[in-house]
Amino acid sequence: MTRHEDIERYLSEEMSGDERLAFENELKSNPALREETALYASTAESLHRLLLADDNEQQLRKKLHPYRAEYFSAHKKDPKIRALPLIRWAAAAAIFTAIWIWSPWNTNPIREYGTITMPPLTERSADSVNGVAEAAGLFNEKEYEQALPLLNKELSSQPNDMFLLFFRGVTLIHTGQATQARTDLEQVYESKSVYRYEAAYFMGLSYLEEKDKENCRIWMEKIPAETQAGKKAQPILKKLK
(Lines give C-alpha, C1' and ligand atoms only; values in the text may rest on other atoms or scores of the structure.)
Protein backbone atom coordinates (compact mmCIF):
# COMPACT_ATOMS: atom_id res chain seq x y z
CA MET A 1 0.00 0.00 0.00
CA THR A 2 1.39 3.42 -0.98
CA ARG A 3 1.66 6.43 1.29
CA HIS A 4 -0.97 8.18 -0.83
CA GLU A 5 -3.37 5.32 -0.10
CA ASP A 6 -2.54 5.58 3.60
CA ILE A 7 -3.25 9.31 3.53
CA GLU A 8 -6.55 8.78 1.71
CA ARG A 9 -7.67 6.14 4.19
CA TYR A 10 -6.66 8.35 7.12
CA LEU A 11 -8.47 11.45 5.85
CA SER A 12 -11.52 9.42 4.81
CA GLU A 13 -11.66 7.85 8.30
CA GLU A 14 -11.36 4.34 6.86
CA MET A 15 -8.51 3.22 9.16
CA SER A 16 -9.05 1.00 12.17
CA GLY A 17 -8.31 2.48 15.57
CA ASP A 18 -4.85 0.89 15.74
CA GLU A 19 -3.99 1.94 12.19
CA ARG A 20 -5.09 5.50 12.86
CA LEU A 21 -3.04 5.70 16.06
CA ALA A 22 0.06 4.36 14.29
CA PHE A 23 -0.40 6.82 11.42
CA GLU A 24 -0.84 9.78 13.79
CA ASN A 25 2.31 8.77 15.65
CA GLU A 26 4.17 8.72 12.36
CA LEU A 27 2.79 12.16 11.51
CA LYS A 28 4.43 13.51 14.65
CA SER A 29 7.88 12.24 13.66
CA ASN A 30 7.77 12.54 9.86
CA PRO A 31 7.66 16.17 8.61
CA ALA A 32 7.42 15.14 4.94
CA LEU A 33 4.40 12.90 5.58
CA ARG A 34 2.86 15.61 7.76
CA GLU A 35 3.12 18.24 5.02
CA GLU A 36 1.86 15.85 2.35
CA THR A 37 -1.15 14.93 4.51
CA ALA A 38 -1.83 18.62 5.07
CA LEU A 39 -1.71 19.29 1.34
CA TYR A 40 -4.09 16.41 0.60
CA ALA A 41 -6.49 17.66 3.26
CA SER A 42 -6.26 21.19 1.88
CA THR A 43 -6.98 20.03 -1.66
CA ALA A 44 -10.04 18.02 -0.65
CA GLU A 45 -11.45 20.81 1.53
CA SER A 46 -10.88 23.47 -1.14
CA LEU A 47 -12.67 21.38 -3.75
CA HIS A 48 -15.50 20.62 -1.35
CA ARG A 49 -16.04 24.33 -0.69
CA LEU A 50 -15.86 25.25 -4.36
CA LEU A 51 -18.13 22.48 -5.56
CA LEU A 52 -20.83 22.76 -2.91
CA ALA A 53 -20.72 26.28 -1.50
CA ASP A 54 -20.18 28.53 -4.50
CA ASP A 55 -22.90 31.02 -5.44
CA ASN A 56 -22.94 29.53 -8.93
CA GLU A 57 -23.29 25.94 -7.71
CA GLN A 58 -26.25 25.12 -9.92
CA GLN A 59 -24.52 26.38 -13.03
CA LEU A 60 -21.43 24.36 -12.15
CA ARG A 61 -23.48 21.21 -11.47
CA LYS A 62 -25.10 21.58 -14.87
CA LYS A 63 -21.68 21.78 -16.51
CA LEU A 64 -20.44 18.76 -14.55
CA HIS A 65 -23.55 16.67 -15.27
CA PRO A 66 -21.93 14.47 -17.96
CA TYR A 67 -19.35 13.38 -15.39
CA ARG A 68 -21.81 12.87 -12.52
CA ALA A 69 -22.06 9.10 -12.74
CA GLU A 70 -18.31 8.56 -12.69
CA TYR A 71 -17.37 11.00 -9.93
CA PHE A 72 -20.34 12.17 -7.89
CA SER A 73 -23.40 9.91 -8.03
CA ALA A 74 -22.66 7.88 -4.91
CA HIS A 75 -21.89 10.98 -2.87
CA LYS A 76 -24.50 13.55 -3.87
CA LYS A 77 -26.40 13.47 -0.59
CA ASP A 78 -23.37 13.38 1.70
CA PRO A 79 -22.55 16.95 2.78
CA LYS A 80 -19.03 16.01 3.90
CA ILE A 81 -18.28 13.81 0.87
CA ARG A 82 -16.08 11.64 3.11
CA ALA A 83 -16.48 8.56 0.94
CA LEU A 84 -14.94 10.08 -2.18
CA PRO A 85 -11.27 8.96 -2.38
CA LEU A 86 -8.82 11.80 -2.83
CA ILE A 87 -7.36 10.34 -6.00
CA ARG A 88 -10.83 10.66 -7.56
CA TRP A 89 -10.98 14.19 -6.14
CA ALA A 90 -7.84 14.90 -8.15
CA ALA A 91 -9.46 13.60 -11.32
CA ALA A 92 -12.57 15.65 -10.60
CA ALA A 93 -10.34 18.67 -9.97
CA ALA A 94 -8.89 18.44 -13.46
CA ILE A 95 -12.39 18.49 -14.96
CA PHE A 96 -13.48 21.22 -12.57
CA THR A 97 -10.62 23.58 -13.37
CA ALA A 98 -10.96 23.06 -17.10
CA ILE A 99 -14.64 24.05 -16.95
CA TRP A 100 -14.67 26.66 -14.21
CA ILE A 101 -11.72 28.91 -15.09
CA TRP A 102 -13.24 30.96 -17.87
CA SER A 103 -10.76 33.81 -18.05
CA PRO A 104 -7.70 34.74 -15.98
CA TRP A 105 -8.41 38.44 -16.37
CA ASN A 106 -11.33 38.76 -13.99
CA THR A 107 -11.44 41.82 -11.77
CA ASN A 108 -9.99 39.91 -8.81
CA PRO A 109 -7.97 36.81 -9.82
CA ILE A 110 -6.82 36.19 -6.25
CA ARG A 111 -10.40 35.94 -5.05
CA GLU A 112 -11.39 33.79 -8.02
CA TYR A 113 -8.46 31.38 -8.12
CA GLY A 114 -6.71 31.79 -4.76
CA THR A 115 -8.84 29.59 -2.51
CA ILE A 116 -6.84 27.19 -0.36
CA THR A 117 -7.39 25.76 3.11
CA MET A 118 -4.79 26.02 5.86
CA PRO A 119 -4.72 22.81 7.91
CA PRO A 120 -3.13 22.95 11.41
CA LEU A 121 -1.51 19.52 10.93
CA THR A 122 1.98 20.20 12.23
CA GLU A 123 3.98 19.09 15.25
CA ARG A 124 4.67 22.05 17.51
CA SER A 125 4.97 23.13 21.11
CA ALA A 126 1.74 23.49 23.09
CA ASP A 127 1.77 27.28 22.73
CA SER A 128 2.55 27.10 19.03
CA VAL A 129 -0.22 24.57 18.37
CA ASN A 130 -2.77 27.02 19.72
CA GLY A 131 -1.33 29.88 17.68
CA VAL A 132 -1.28 27.92 14.43
CA ALA A 133 -4.79 26.58 15.03
CA GLU A 134 -6.11 30.10 15.63
CA ALA A 135 -4.32 31.42 12.54
CA ALA A 136 -5.71 28.54 10.46
CA GLY A 137 -9.25 29.22 11.67
CA LEU A 138 -9.01 32.89 10.71
CA PHE A 139 -7.32 32.10 7.39
CA ASN A 140 -10.00 29.60 6.42
CA GLU A 141 -12.71 32.14 7.27
CA LYS A 142 -10.87 34.59 4.96
CA GLU A 143 -10.07 36.85 7.91
CA TYR A 144 -6.63 37.48 6.49
CA GLU A 145 -5.92 40.73 8.32
CA GLN A 146 -6.47 38.98 11.65
CA ALA A 147 -4.51 35.86 10.66
CA LEU A 148 -1.42 37.78 9.55
CA PRO A 149 -0.10 38.90 12.97
CA LEU A 150 -0.51 35.36 14.31
CA LEU A 151 1.52 33.97 11.42
CA ASN A 152 4.13 36.68 11.95
CA LYS A 153 4.40 35.69 15.60
CA GLU A 154 4.87 32.01 14.78
CA LEU A 155 7.49 32.81 12.16
CA SER A 156 9.43 35.03 14.56
CA SER A 157 10.48 31.87 16.40
CA GLN A 158 10.42 29.52 13.37
CA PRO A 159 11.67 31.65 10.45
CA ASN A 160 12.45 28.68 8.20
CA ASP A 161 9.15 26.85 8.60
CA MET A 162 8.00 26.36 4.99
CA PHE A 163 4.42 25.58 6.03
CA LEU A 164 4.11 28.92 7.84
CA LEU A 165 6.01 30.83 5.14
CA PHE A 166 3.70 29.51 2.45
CA PHE A 167 0.51 30.45 4.26
CA ARG A 168 1.87 33.84 5.29
CA GLY A 169 2.74 34.44 1.64
CA VAL A 170 -0.81 33.61 0.59
CA THR A 171 -2.16 35.79 3.40
CA LEU A 172 0.00 38.72 2.28
CA ILE A 173 -1.34 38.39 -1.27
CA HIS A 174 -4.90 38.46 0.04
CA THR A 175 -4.10 41.61 2.03
CA GLY A 176 -2.66 43.42 -0.99
CA GLN A 177 1.01 43.01 -0.07
CA ALA A 178 2.25 41.14 -3.12
CA THR A 179 5.86 42.31 -2.95
CA GLN A 180 6.30 41.01 0.61
CA ALA A 181 4.38 37.85 -0.29
CA ARG A 182 6.81 37.00 -3.08
CA THR A 183 9.72 36.96 -0.65
CA ASP A 184 8.01 34.20 1.36
CA LEU A 185 6.70 32.28 -1.63
CA GLU A 186 9.98 32.30 -3.52
CA GLN A 187 11.72 30.89 -0.45
CA VAL A 188 9.15 28.09 -0.29
CA TYR A 189 9.54 27.41 -4.01
CA GLU A 190 13.33 27.13 -3.66
CA SER A 191 12.91 24.60 -0.84
CA LYS A 192 11.90 20.95 -1.15
CA SER A 193 8.61 21.54 0.63
CA VAL A 194 5.49 19.85 -0.73
CA TYR A 195 4.12 23.39 -1.00
CA ARG A 196 6.76 24.52 -3.52
CA TYR A 197 4.49 24.21 -6.57
CA GLU A 198 1.56 25.79 -4.75
CA ALA A 199 3.98 28.63 -3.94
CA ALA A 200 4.80 28.98 -7.64
CA TYR A 201 1.07 29.01 -8.43
CA PHE A 202 0.41 31.84 -5.99
CA MET A 203 3.46 33.71 -7.30
CA GLY A 204 1.82 33.52 -10.72
CA LEU A 205 -1.50 34.69 -9.32
CA SER A 206 0.17 37.69 -7.68
CA TYR A 207 1.39 38.80 -11.11
CA LEU A 208 -1.94 37.94 -12.70
CA GLU A 209 -3.55 40.36 -10.26
CA GLU A 210 -1.21 43.07 -11.62
CA LYS A 211 -1.98 42.15 -15.26
CA ASP A 212 1.67 41.16 -15.67
CA LYS A 213 1.23 38.37 -18.22
CA GLU A 214 4.91 37.64 -18.71
CA ASN A 215 5.80 37.04 -15.06
CA CYS A 216 2.55 35.18 -14.49
CA ARG A 217 3.46 32.85 -17.36
CA ILE A 218 7.02 32.38 -16.09
CA TRP A 219 5.82 31.18 -12.70
CA MET A 220 2.95 29.06 -13.96
CA GLU A 221 5.32 27.29 -16.34
CA LYS A 222 7.52 26.22 -13.42
CA ILE A 223 4.75 23.91 -12.21
CA PRO A 224 4.62 20.30 -13.51
CA ALA A 225 1.29 19.81 -15.25
CA GLU A 226 0.57 16.54 -13.42
CA THR A 227 0.64 18.15 -9.95
CA GLN A 228 -2.44 19.59 -8.23
CA ALA A 229 -1.02 23.10 -8.65
CA GLY A 230 -0.32 22.27 -12.29
CA LYS A 231 -3.94 21.30 -12.89
CA LYS A 232 -4.93 24.77 -11.69
CA ALA A 233 -2.19 26.51 -13.66
CA GLN A 234 -2.73 24.87 -17.05
CA PRO A 235 -6.08 26.56 -17.91
CA ILE A 236 -4.57 29.94 -16.99
CA LEU A 237 -1.53 29.28 -19.16
CA LYS A 238 -3.79 28.44 -22.11
CA LYS A 239 -5.55 31.77 -21.69
CA LEU A 240 -2.21 33.58 -21.62
CA LYS A 241 -1.17 32.24 -25.05
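## Inside an all-helix model

Let's start in the middle: the largest nonpolar core has 47 residues. The residues with the most contacts inside this core are Phe166, Tyr201, Phe202, Leu205, Met220 and Ile236. Which helix gives the most to the core? That would be helix H10, residues 162–174, which puts in nine residues. Apart from this core lies another one, made of seven residues, with Ile7, Tyr10, Phe23 and Tyr40 among them. Keep in mind as you look around that this is a predicted model.

Now zoom in on Phe166. If you skip its neighbours within four places in sequence, Phe166 is in contact with Ile116, Leu185, Val188, Tyr195, Glu198, Ala199 and Phe202. Phe202 should ring a bell, since Phe202 and Phe166 are both on the list of core residues with the most contacts.

Time to step back. How many helices and strands does the protein have? It has 14 helices and zero strands, so to speak a plain run of α, one after another, when you read along the sequence. Here are a few overall numbers for the protein:

| What | Value |
|---|---|
| Buried share of the 241 residues | 48% |
| Share of contacts between residues at least 6 apart in sequence that join residues at least 24 apart | 57% |
| Accessible surface | about 12500 Å² |
| Share of that surface belonging to carbon and sulfur atoms | 50% |

Next, have a look at two helices that pack together: H13 (residues 213–220) and H14 (residues 228–240). Their axes are 10 Å apart, and the angle is about 145°. Is the crossing left-handed or right-handed? H13 passes H14 in a left-handed crossing. On the H13 side the contact is made by Lys213, Cys216, Arg217 and Met220, while H14 brings Ala233, Ile236, Leu237 and Leu240. Sorted by type, the residues of this contact are six nonpolar, no polar and two charged. Two names here link back to the start: Met220 and Ile236 are also among the residues with the most contacts inside the largest core.

Finally, pick out Glu190, which sits in helix H11, residues 178–190. Is Glu190 buried or exposed? Glu190 counts as exposed because its relative accessibility is 56%, and the cut-off for exposed is over 50%. You can also check how Glu190 relates to Ala200: the two are 10 residues apart in sequence, and 9.6 Å separates them in space, C-alpha to C-alpha.

Technical notes. Residues are numbered from 1 along each chain as its sequence is written. This is a predicted model: local features need pLDDT of at least 70, side-chain atom pairs count only at pLDDT 80 or more; totals for chains, interfaces and linings use all residues. Side-chain values use heavy atoms; hydrogens and water are left out. Axes are lines fitted to C-alpha atoms, for helices over the stretch in contact, and angles run from 0 to 180 degrees between N-to-C directions. Helices (H or I, at least four residues) and strands (E, at least two) are DSSP runs, numbered from the N terminus. A crossing is left-handed if the near helix is turned anticlockwise from the far one by less than a right angle, and right-handed if clockwise. Contact means heavy atoms within 4.5 Å. Ala, Val, Leu, Ile, Met, Phe, Trp, Tyr, Cys and Pro count as nonpolar, Asp, Glu, Lys and Arg as charged, and the others, Gly among them, as polar. A nonpolar core is a set of buried Ala, Val, Leu, Ile, Met, Phe, Trp, Tyr and Cys residues joined through side-chain atoms within 4.5 Å. Buried means under 20% relative accessible area, exposed over 50%, partly exposed in between (1.4 Å probe, protein chains only). Accessible areas come from the Shrake-Rupley method with a 1.4 Å probe; for residues, only the protein chains shown count as cover.
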